[in-house]
Structure formats: C-alpha cells, structure tokens
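Dear colleague,

Please find below the structure that I am handing over to you. My account of what was found in it follows directly after.

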Amino acid sequence: MSTTAFWYASRATGIVALLLLTAVLVLGILVNRQGRLPGLPRFAVTDIHRNLSLLAVAFIAVHVLTAVLDSYVHIPLLSAVIPFASGYERLWLGLGAISLDVMLAMIVTSLVRGRLNRVLWRAIHLLAYASWPIAFAHSIGSSKDLQQGLLLDMAIGCALIVAAAVIWRLAHAARQVPRAARVAAVFAQHTASAARQSRRTVTR
C-alpha cells in the first residue's frame, strides 16, 4: 500500500471513528437509569451500545496503525498510548492518546467489572464522557479536512447533537424526584388520593 493510501485511510477511519464515538456517547447519555430507551428492551440497548463501542475501537485501531505507517511524517507507535510523545503535532496527537487511554481503561474495567468495586468501576466508566471532547479536539486540531467545508459542518453537527443530548438529559434529571424524597412523595400522593376518596364518600 502506498503512502498516499495510508494517508487517506488514516483520515477516513478517523472521521468514521468520530461519528461512531458520537453515536456511542449520545446513546449513553440518552439511556435512563434502568438502561433503557423508549421502545427498546434493555438487552437491545446494551447490545447496540457494546457493538458500536467495539466498532469505534476497531476504526480507531486502524486509524492509529495507518497514521504510523504513513511515511510522510514520523509518528512513533508508542505515541498512540503515551501522551505528547510524538514530535509531530505534539498537542493534538497527545490529546488523541489521552482519549484512547481513557477508552482502553473503560474497556478493560468493563471486562473485569465483576471483580471491581462498583464505585471505582463507575468512576472509571464516567471518564468515557470525557474522552469524547478530547477526541473531538484531537480530530479538529490534527486534521485540516475537518477545519473547512462539509467535514467541518459534520463536526459541528456532531457537537450540536451531543450538546442537545446533554441538555435533554439534564432537563430530564431535573424533573425526576430525588431518590431520598421518593418515599415522601409516594406517601404524599397516597394521602392526597385517600383524602379525595374520603371527600367523595362524604358528598354521597
């Protein structure tokens, strides 16, 4: 494969990986506490999320490999996992390495979830939300393709979709009754219902 082919393959797989990571993040944001989406059973949501995540990791692996094989610039393989180890585009490639490290930590801890403390697992898993903006910054900063034209519009669209999902989730959470107040809320609702029933009985 020629150097030009590696260059195109690296850019193309990077763009597809960004789209897949956006889909994974948005799906994770929209899923409720029971792990469900409207109209879909829990196992379907879990399967979709897992398969999209694995597909994103596969594209990222090809993206990294083709970038290393591209001889136009020298990018050490270790710079894919060691932040800021590359002399070329040190900042942007360093951000890419950080994002990849976070995703790898999430994957490894998910595989051994049964052996980890739930609080620790959840803390590491929440880092997945931080990997997207870091990966997004890496994509915009390291790729001239995403800084203009239709690909820039696509990147802006990804950011807007993520922002909309976050706003929806925050608004949805604000409407939920806090867990500590649920018992009191249910009791108050039951008392009000009983009072209405009592008034109806008296009026009859």
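Helix 3 and helix 5 are roughly antiparallel to each other, because their axes cross at roughly 155°, and an angle over 145 degrees counts as roughly antiparallel. The two axes come within 8 Å, and helix 3 passes helix 5 in a left-handed crossing. Please bear in mind that the model is predicted.

On the side of helix 3, the residues that take part in this packing are Trp92, Leu93, Leu95, Gly96, Ile98, Ser99, Val102, Met103 and Met106. Their partners in helix 5, which spans residues 128–142, are Ala128, Ser131, Ile134, Ala135, Ala137, His138, Gly141 and Ser142. Sorted by class, the contact of helix 3 with helix 5 holds 11 nonpolar and 6 polar residues, with no charged residue.

Val102 may serve as an example from this contact. Val102 lies in helix 3 and counts as buried because its relative accessibility is 16%, and buried means under 20%. Apart from its neighbours within four places in sequence, Val102 touches Leu127, Ala128 and Ser131. The C-alpha atoms of Val102 and Tyr129 are 9.5 Å apart in space, while the two residues are 27 residues apart in sequence.

Helix 3 (residues 90–111) also packs against helix 4 (residues 118–126). Here the axes come within 9 Å and cross at roughly 150°, which means that helix 3 is roughly antiparallel to helix 4. The crossing of this pair is left-handed. Ala105, Met106, Thr109 and Ser110 of helix 3 are in contact with Trp121, Ile124 and His125 of helix 4. These residues comprise 4 nonpolar and 3 polar ones, and no charged residue is included. Met106 appears both in this contact and in the contact of helix 3 with helix 5.

Helix 4 also contains Arg122. With a relative accessible area of 48%, Arg122 is partly exposed. Its C-alpha atom is separated by 9.7 Å from that of Ser110, which lies 12 residues away along the chain.

A further helix pair involves helix 5 and helix 6 (residues 149–175), which pack at an angle of about 165° with their axes 12 Å apart. Helix 5 and helix 6 are therefore roughly antiparallel to each other, and their crossing is left-handed. Trp132, Phe136 and Ile140 in helix 5 meet Ala155, Cys158, Ala159 and Val162 in helix 6. By class, this contact consists of 7 nonpolar residues, with no polar and no charged residues.

Two loop residues deserve a mention for their backbone angles. Most residues other than glycine have a negative phi. Phe84, however, has a phi near 60°, a positive value in a residue other than glycine. Phe84 belongs to the loop between helix 2 (42–69) and helix 3, and with a relative accessibility of 35% it counts as partly exposed. Glu89 is found in the loop between helix 2 and helix 3 as well, and its phi, near 45°, is likewise a positive value in a residue other than glycine. At 24% relative accessibility, Glu89 counts as partly exposed.

As for the protein chain as a whole, its secondary structure comes to 7 helices and 0 strands, so that the pattern along the sequence reads α-α-α-α-α-α-α. The chain has 204 residues, of which 30% count as buried. Its accessible surface comes to about 13000 Å², and 69% of that area belongs to carbon and sulfur atoms. Among contacts between residues at least 6 apart in sequence, 56% join residues at least 24 apart.

To recapitulate the helix packing: helix 3 is roughly antiparallel to helix 4 and to helix 5, and helix 5 is roughly antiparallel to helix 6. No charged residues occur in the contact of helix 3 with helix 4, in that of helix 3 with helix 5, or in that of helix 5 with helix 6.

With kind regards

Conventions
Residues numbered from 1 in each chain as written. Predicted model: local features only at pLDDT ≥ 70, side-chain atom pairs only at ≥ 80, totals over all residues. Heavy atoms only, no water. Helix = DSSP H or I, 4+ residues; strand = E, 2+ residues; numbered from the N terminus. Buried < 20%, exposed > 50% of the residue type's maximum accessible area, 1.4 Å probe, protein only. Contact = heavy atoms within 4.5 Å. Areas by Shrake-Rupley, 256 points an atom, 1.4 Å probe, with all protein chains shown as cover. Axes fitted to C-alpha atoms, helices over the stretch in contact; angles between N-to-C directions. Parallel < 35°, antiparallel > 145°, perpendicular 65-115°, else oblique. Left-handed = near helix turned anticlockwise from the far one by under 90°. Nonpolar A, V, L, I, M, F, W, Y, C, P; charged D, E, K, R; others polar.
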